Amino acid sequence: MEEMRLQKFLSEQGILSRRAAEEEIKKGKVKVNGAPAELGTKIDPATDVVEYKGKRIGGAVRKVYLMLNKPVGYVTTMSDEKGRPCVAELVENVGTRVYPIGRLDLESEGLLLFTNDGELANRLMHPKYHKPKVYHVKIRGEVEAEKIAALGKPMNIDGYVTKPAGISVVTRKPEFTVLAMELFEGRNRQIRKMCEQLSLHIITLKRISIGEVKLGNLAIGEWRHLTRAQVESLKK
């Protein structure tokens with residue numbers, strides 16, 4: 001087996017994220033063959049003995065891929081210094097440690113992917129391999145056709161010009177309008193900033209698909225494993 005960086009090994013074993021692993025290595029909490037490891041250490045998983053907090057880490061780990069219907073009010077982190085509810089609490093019963101791929105902000109809900117496959121997670125978060133994402137956005141009032149058209153065009157947000165977005169009307173009533181918005185990039189709070197620029201007030205924001213993976217009828221706060229076909233579609 002080829003050598004790999006220690007933090008990558010710990011991430012793939014589902015023990016720590018790469019960033020967290022780097023911090024633990026710096027603190028001397030990870031040992032390789034009985035000696036404290038240093039940042040940059042490479043190991044051969046087939047022959048080297050890795051220990052974290054006195055426990056040996058290793059062996060084949062089953063790769064896990066799942067979707068969560070994230071509720072509003074949860075932060076997309078594994079722990080939060082402010083004591084807010086974290087998405088990690090909703091996947092505690094998976095049976096192995098998994099991490100979210102990407103994020104949804106506190107006020108948003110819907111499809112969030114998790115895995116312990118560090119390689120796939122890093123690939124999906126790389127701009128080159130970005131999967132289109134569809135959101136249902138409920139906006140106060142009846143949105144004018146000109147503003148709907150403007151949402152689909154490139155917009156200058158925080159000094160960055162966005163890519164054109166796919167926009168279609170799901171529901172239009174005097175009290176509210178629901179738009180389906182398809183984004184082809186992953187800018188922080190992009191939809192909220194786009195709507196803010198056009199003085200549109202968002203009532204709810206829900207992600208319903210990532211690439212070919214659709215949320216479907218999964219209940220809020222619940223998770224389920226992805227099908228093999230869904231995993232393969234993400235790896236394409």
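In the predicted model, the side chains of Gln-7 and Glu-22 are joined by a polar contact of 3.4 Å. Gln-7 lies in helix H1, which covers residues 6-12. Glu-22 also appears among the residues that Gln-7 touches once its neighbours within four places in sequence are left aside; the full set comprises Arg-18, Ala-21, Glu-22 and Ile-25. The relative accessibility of Gln-7 is 8%, and the residue therefore counts as buried, the cut-off for this class being under 20%. The polar contact with Glu-22 is thus made by a residue of helix H1.

The setting of this residue is a protein with 6 helices and 17 strands. The C-alpha trace spans about 70 × 40 × 35 Å along the principal axes. Of the 236 residues in the protein, 44% are buried, and Gln-7 belongs to this class because its relative accessibility is 8%. With respect to sequence separation, contacts between residues at least 6 apart were considered; 64% of these join residues at least 24 apart.

The surface and the charges were examined for the protein as a whole. An area of about 13000 Å² is exposed, and 48% of this area is supplied by carbon and sulfur atoms. The protein carries 41 positive and 30 negative charges, and the mean positions of the two sets lie 2 Å apart.

Methods
Residues numbered from 1 in each chain as written. Predicted model: local features only at pLDDT ≥ 70, side-chain atom pairs only at ≥ 80, totals over all residues. Heavy atoms only, no water. Helix = DSSP H or I, 4+ residues; strand = E, 2+ residues; numbered from the N terminus. Buried < 20%, exposed > 50% of the residue type's maximum accessible area, 1.4 Å probe, protein only. Contact = heavy atoms within 4.5 Å. Areas by Shrake-Rupley, 256 points an atom, 1.4 Å probe, with all protein chains shown as cover. Lys, Arg positive; Asp, Glu negative; His and termini not counted. Charge placed at Lys NZ, Arg CZ, Asp CG, Glu CD. Polar contact = N/O pair within 3.5 Å; in protein donor to acceptor, adjacent residues only side chain to side chain.
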